[in-house]
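Colleague: I would like to learn how to read burial, ring pairs and cavities in a model such as this one. May we begin with a single residue and work outwards?

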Amino acid sequence: MKLSVEKKDLLNVIARAQNIVEKRNTMPILVNVLLEAKGDGLRGFATDLEVSLTDDIPAQVKSTGRVAVNAKSLFEIIKELPDGRIDLERKENNWLKISQNRAVFNIVGISPEEYPVFPTFTTQEFVKIEPSTLLEMIEKTIYSVSTDETRYHLNGVYLEVRPDKESAIYRMVATDGHRLSLIDRKIPGASGKTAPQGVIVPRKGLHEIRKLLESMDRQNEEKIEVAIEGAQLVVRSKTTVLMVRLIEGKYPNYQQLIPQNLKEHFLVQRDALMSSLKRVSLLSNAKSRGVTLAVTGGRMEISSNNPELGDAKEEIEVDYKGKDLKVGFNARYMLDVLASMHDEIVRVEMNDHLSPSLVKPHDDTTYTCVVMPMRI
């Protein structure tokens with residue numbers, strides 16, 4: 001294998017691989033990236049057996065071949081080299097020679113035959129989605145994903161697709177038992193075939209999809225392509241393909257977790273509530289982060305109390321005319337919900353201090369969050 005490639009192209013591929021390669025040495029082979037030269041390009045492979053990435057870049061290939069080398073070492077070297085073309089050559093002992101002008105590096109590689117069998121896909125049933133739409137859906141749900149490894153079926157976002165005339169409704173749901181977030185978005189030209197039964201996309205896969213979406217060129221009005229084949233989600237953008245192994249298991253009936261017909265509701269300025277919660281929670285219990293919200297007439301008092309630190313309270317205005325309410329919440333859970341919204345006014349619905357509350361943007365019925373109360 002011998003080729004010449006532009007630094008910026010190679011750096012993009014290795015940087016994406018960096019995020020995916022397995023840093024916990026359960027399988028040492030997975031800290032490597034596989035490079036394959038053929039035709040008029042170079043293809044990079046990276047996997048941790050849950051998320052897999054392939055990326056193609058143009059290159060002047062003098063001889064074809066493959067080599068697997070440590071992704072971190074390769075990234076650090078390429079990053080420090082000046083802009084311009086870089087020569088790569090595989091040596092007989094599987095070492096990789098990297099040269100540019102007077103700089104020469106030789107890094108230890110492994111036989112490409114030792115690299116795990118890479119996942120593939122055959123489906124052509126891709127759905128085109130606006131990157132901004134998919135990015136918004138991920139950001140509005142990923143914070144609610146459970147980090148409890150014993151409840152593995154909650155370690156991802158549930159995705160289901162329902163047909164809707166000439167389009168489809170894509171729904172993402174996430175919950176960790178303390179809060180739930182649900183968002184619906186209409187995808188023109190899509191059908192309900194993509195995920196008719198619903199699938200669970202793992203947290204790490206969503207993080208990698210988000211990074212890919214953030215790196216896309218919005219000026220080109222480029223769309224992301226998504227498909228589900230068997231037990232994997234395939235996401236494609238030009239020459240970059242991400243394959244995410246889906247979580248096996250049954251997602252709980254999330255509809256039962258969403259309270260219906262809540263009697264009381266009030267409107268509040270999102271920024272005012274966020275700022276006040278941040279300040280008052282500074283003196284809350286470090287573990288529970290508990291704060292009390294007491295709503296009376298047109299005002300809300302937010303308070304916290306920690307015998308070791310002191311107490312705090314602050315009043316803000318709300319639009320409310322119902323009975324007096326007093327509920328305890330984990331401030332972090334409420335702040336995560338508010339941070340995911342960009343609307344000026346939010347609507348909070350509740351019954352009493354024992355019932356879950358609904359938080360949603362005032363003018364958007366397609367995004368709903370549930371926050372469980374806590375005893376303080």
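Modeller: Let us begin with Phe266, bearing in mind that this is a predicted model. Phe266 has a relative accessibility of 1% and therefore counts as buried, since buried means under 20% relative accessible area.

Colleague: Which residue pairs its ring with that of Phe266, and what is the geometry of the pair?

Modeller: Two rings pair if their centres lie within 6.5 Å, and planes over 60 degrees apart count as edge-to-face. The partner of Phe266 is Tyr320: the centres are 6.1 Å apart and the planes stand at 75°, so the pair is edge-to-face. Tyr320 is buried too, with a relative accessible area of 5%.

Colleague: Where in the chain do Phe266 and Tyr320 lie?

Modeller: Phe266 belongs to strand 19 (residues 264–269), while Tyr320 is in the loop between strand 22 (310–319) and strand 23 (325–330). The two residues are 54 apart, and their pair links distant parts of the chain.

Colleague: How many aromatic pairs does the structure hold?

Modeller: There are five. One of them joins Phe121 and Phe126 edge-to-face, with 5.8 Å from centre to centre and 75° between the planes. Phe121 is partly exposed, its relative accessible area being 24%, whereas Phe126 is buried at 14%. Ring pairs also link Tyr158, Tyr251 and Tyr254 into a cluster.

Colleague: Which charged ends sit over rings, and at what distance from the ring centre?

Modeller: The position is judged by the distance to the ring centre and by the angle to the ring normal. The charged end of Arg236 sits over the ring of Phe126, 3.9 Å from its centre; Phe126 is thus a ring that also takes part in the pair with Phe121. In another case, the charged end of Lys140 sits over the ring of Tyr367, at 5.2 Å from the centre.

Colleague: Let us turn to internal space. How many cavities of 30 Å³ or more does a search of the whole structure find?

Modeller: A cavity is space where a probe fits but cannot get out. The search finds one of 30 Å³ or more, and the volume of the largest cavity is about 100 Å³. It is lined by 13 residues, of which Leu134, Leu159, Met172, Val226 and Leu233 are the closest to its centre.

Colleague: What is the chemical character of that lining, and which elements supply it?

Modeller: The lining of the largest cavity comprises 13 nonpolar residues, no polar ones and no charged ones. At least two residues each come from helix 3 (131–139), strand 13 (167–175), helix 4 (203–215) and strand 17 (232–237). Helix 3 gives the largest share, three residues.

Colleague: Is Gln197 buried or exposed, and where does it lie?

Modeller: Gln197 is exposed, with a relative accessible area of 68%; exposed means over 50%. It lies in the loop between strand 14 (179–188) and strand 15 (199–202). Its C-alpha atom is separated by 6.7 Å from that of Glu160, although the two residues are 37 apart along the chain.

Colleague: What do the totals say about the protein chain?

Modeller: The chain has six helices and 26 strands, and 53% of its 376 residues count as buried. Its C-alpha trace spans about 80 × 55 × 40 Å along the principal axes. Among contacts between residues at least 6 apart in sequence, 65% join residues at least 24 apart.

Note on methods. Residues are numbered from 1 along each chain as its sequence is written. This is a predicted model: local features need pLDDT of at least 70, side-chain atom pairs count only at pLDDT 80 or more; totals for chains, interfaces and linings use all residues. Side-chain values use heavy atoms; hydrogens and water are left out. Rings of Phe, Tyr and Trp (its six-membered ring) pair if their centres lie within 6.5 Å; planes under 30 degrees apart count as stacked, over 60 as edge-to-face and the rest as tilted. Buried means under 20% relative accessible area, exposed over 50%, partly exposed in between (1.4 Å probe, protein chains only). Helices (H or I, at least four residues) and strands (E, at least two) are DSSP runs, numbered from the N terminus. A charge sits over a ring if NZ of Lys or CZ of Arg is within 6 Å of the ring centre and within 35 degrees of the ring normal. On a 1 Å grid over the protein atoms alone, a cavity is a set of points where a 1.4 Å probe fits but cannot get out, and a pocket is an open set with protein on both sides within 12 Å along at least five of seven lines; lining residues have an atom within 4 Å of a point. Grid points are joined across faces, edges and corners, and a volume is the space filled by probe spheres set on the points. Ala, Val, Leu, Ile, Met, Phe, Trp, Tyr, Cys and Pro count as nonpolar, Asp, Glu, Lys and Arg as charged, and the others, Gly among them, as polar. Contact means heavy atoms within 4.5 Å.
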